[in-house]
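The following paragraphs lead the reader through selected features of the structure shown here. Please keep the sequence and the coordinates in view while reading.

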Amino acid sequence: MMKFNFKKSILKIPFFLILLFSIIIYSCRKGNKEPARLPAPLNDAKSWYESVYPANSGNSLQNQAAGKSRDLSQWIKPDWQHPVMYNRYGQSVIEMPVDPEAKFGSSYQLNKKRCNPAYSRSYYLLMTDGKKREAYILTIIADSAYINNDLSKLDHNTYRKHDPDFSGTILYFTPRGSYLGGYGYRNGQLMASGTEDTDTNKTPRVQNVNTGRLIANTVKQVCTDWYVVYYVDGVYQCDEYLTTTCVNVDDGNPSGSGGNTPPPPPPCPPGMHVGPPVTPPCIPLAVESVEGGNRLKTNYVPPPPPPGDGGMPPPTAQVCSVDPPRQPCPSAPDPCELLKKAKQKFATAFNTQRNADVLAKPGTNEYGSNLNLTSLSANTYMNTPITTNGTNSWMPNFTWNSTNGFSIGSVHRHQSAGPSPNDVFSLIDHLSNPDLVTSGASSIKFYRDNAYATIVSNTTTYTVTVSNWAILSQMFLDYNQDRNGYEEAFQNKATEYKNKMNLDEASATNKALMEIFSGAINLYKSPSNSTNYVITDIDKNGKLTITTCPDK
């Protein structure tokens, strides 16, 4: 029987076969290799995302009911293997492309014209401030002129950065596909909102015609319907209506630069707005002429300030509030009854003592104190500190909670002048305080019904309340564009009255203030350390008036 020598047989196997077997075994092992383990922050974000937006099998785009908003979380997901992590706006940001497995594409449609989906890119944004997480889908749609046959330029534009000459549109959605809002860019610059015509004093232009007569063109409204369009592997799947934007154009010479994509629509449909509920101006019984002509001024919405770091503006998570219908203006209330009611809040024994304490502070610095109720059901105040920011500055520290109190008012000292526009508009500023906004409509109404600002000088105590929040809110838009310029114009006007009308500083500032705010605020004044208030206003001839009420 022949014996088999195993060791010798092995030695006789050609070397190239051994090498071939090794390559095959290594390749199999490599093919079965699991995806790289994600870093801890990314793994935490992935776990959060998949718990909030779980994917349900069989609920693809094609299987979702027609006519309903498509749930993008059932169609696409983040590409967790290609994240970019950085910090921006005080948040940790994870930016990722859409997982390519879905072959997802999106763009927009204006009326019946669709944008080329090849000019679009979408990214997931997962953000956290350490307390809560939020997720968004950012879609960047470039103009054809910017692309100029070079699709690689799309990769230059993300949430963190964009090309200095980028032209196009960015749209924000929730992971479930709800539209949140967007921004337009032209040559790297943010554009104004698409809801209003940017020409604030548009009048019909005049053109020559063959008859030799001059005929004014008519200004007409042109509206654009916005849709988001979805694609799979470049093939159209469906579209969804977002909203409609309108602008005024001259029928002989349309406004704008022509041919450019308009700025994107706001997040809310017509009849709604972003943010807390607002009260629209009432409908007056009669329309009075306004100095400066009879041109209508549109509600121009300026573009938001650029982020300053070369990136895109952040998304907004604010909800839409319904615009209530305008109501006829009520008959004017009895001003003395208004004063009597307001004094229940700003003329208590605590207020009188706090006014005196602020006035008694040494030196010439502006001292002040917040006036915080202990609760909304009581008329007692917390013992807040008296502070100063310097000679010509005092800043209120608004709070709206049970720990620090509910700031319905403030008091601060002027040397001799009365209230200024800054003092008046501080009452509007507080409306955007997050604690007040999140506390709901009843708290906002309570603040509006009771808010006031008190200014004390050596001889006089002034208190300002709001008589028409709608008018004051509209005035605030102009003030907020250039606060320093607004205040400077007021001071110049008061100085003019001092010099030309031989008024003291208090009277000059009162006259300048009421020329601006008459009809929007109530201005009450009393001697220092007294509650004998009178009503200060201005008549149609521009003269200051004083009304003394029976019970003072």
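How many residues of strand 20 (residues 452–456) are buried? The model is a predicted one, and in it five of the five residues of strand 20 are buried, so that the strand counts as mostly covered. The burial concerns both faces of the strand: Y452, T454 and V456 are buried on one side, and A453 and I455 are buried on the other.

The pairing of strand 20 with other strands may be considered next. Strand 19 (residues 405–413) runs parallel to strand 20 and is joined to it by five bridges. Within this pair, V411 has T454 of strand 20 as its bridge partner, and T454 belongs to the side of strand 20 that also carries Y452 and V456. With strand 21 (residues 460–466), strand 20 pairs in the antiparallel sense, over four bridges. Here I455 stands opposite Y462 of strand 21. Strand 20 and strand 21 form a hairpin, and three residues lie between them. Strand 20 is thus engaged in a parallel pairing with strand 19 and in an antiparallel pairing with strand 21.

A further sheet is found earlier in the sequence. It is an open sheet of seven strands, arranged in the order 1-2-5-6-7-8-9, with antiparallel pairing. Its edges are formed by strand 1 (84–88) and strand 9 (189–190), each of which pairs on one side only. At the first of these edges, five bridges connect strand 1 with strand 2 (residues 91–97) in the antiparallel sense. One example is M85, whose bridge partner in strand 2 is I94.

Helix 3 (residues 40–52) lies across three strands of this sheet, namely strand 2, strand 5 (120–128) and strand 6 (133–142), and runs at about 90° to strand 6. The helix comprises 13 residues and reaches 18 Å from its first C-alpha to its last, close to the 18 Å expected at 1.5 Å a residue. Which residues of helix 3 are buried? They are L42, A45 and Y49. Viewed down the helix axis, these buried residues fall within an arc of 60°, and they therefore line one face of helix 3. The buried residues pack against strand 2, strand 5 and strand 6, the strands across which helix 3 lies. A40 and S51, on the other side of the helix, are exposed.

The cysteines provide a final point of interest. A disulfide is a covalent bond that links the sulfur atoms of two cysteines. The structure holds one disulfide, formed by C336 and C549, whose sulfur atoms are 2.1 Å apart. Why does this pair tie together parts that are 213 residues apart in sequence? The reason is that C336 lies in helix 5 (residues 335–346), whereas C549 lies in the segment after strand 24 (544–547). The torsion about the S-S bond of C336 and C549 is about -90°, and the disulfide is therefore left-handed. Both C336 and C549 are buried.

Two other cysteines may be examined for burial, for which the cut-off is a relative accessible area under 20%. C115 has a relative accessible area of 14% and is therefore buried. C238 counts as buried because its relative accessibility is 6%.

How values were computed:
Residues are numbered from 1 along each chain as its sequence is written. This is a predicted model: local features need pLDDT of at least 70, side-chain atom pairs count only at pLDDT 80 or more; totals for chains, interfaces and linings use all residues. Side-chain values use heavy atoms; hydrogens and water are left out. Two strands pair if DSSP finds at least two bridges between them. Helices (H or I, at least four residues) and strands (E, at least two) are DSSP runs, numbered from the N terminus. Contact means heavy atoms within 4.5 Å. Axes are lines fitted to C-alpha atoms, for helices over the stretch in contact, and angles run from 0 to 180 degrees between N-to-C directions. A disulfide is a pair of cysteine sulfur atoms within 2.5 Å. Buried means under 20% relative accessible area, exposed over 50%, partly exposed in between (1.4 Å probe, protein chains only). The expected span of a helix is 1.5 Å times one less than its number of residues. The arc is that of the directions from the helix axis to the C-beta atoms.
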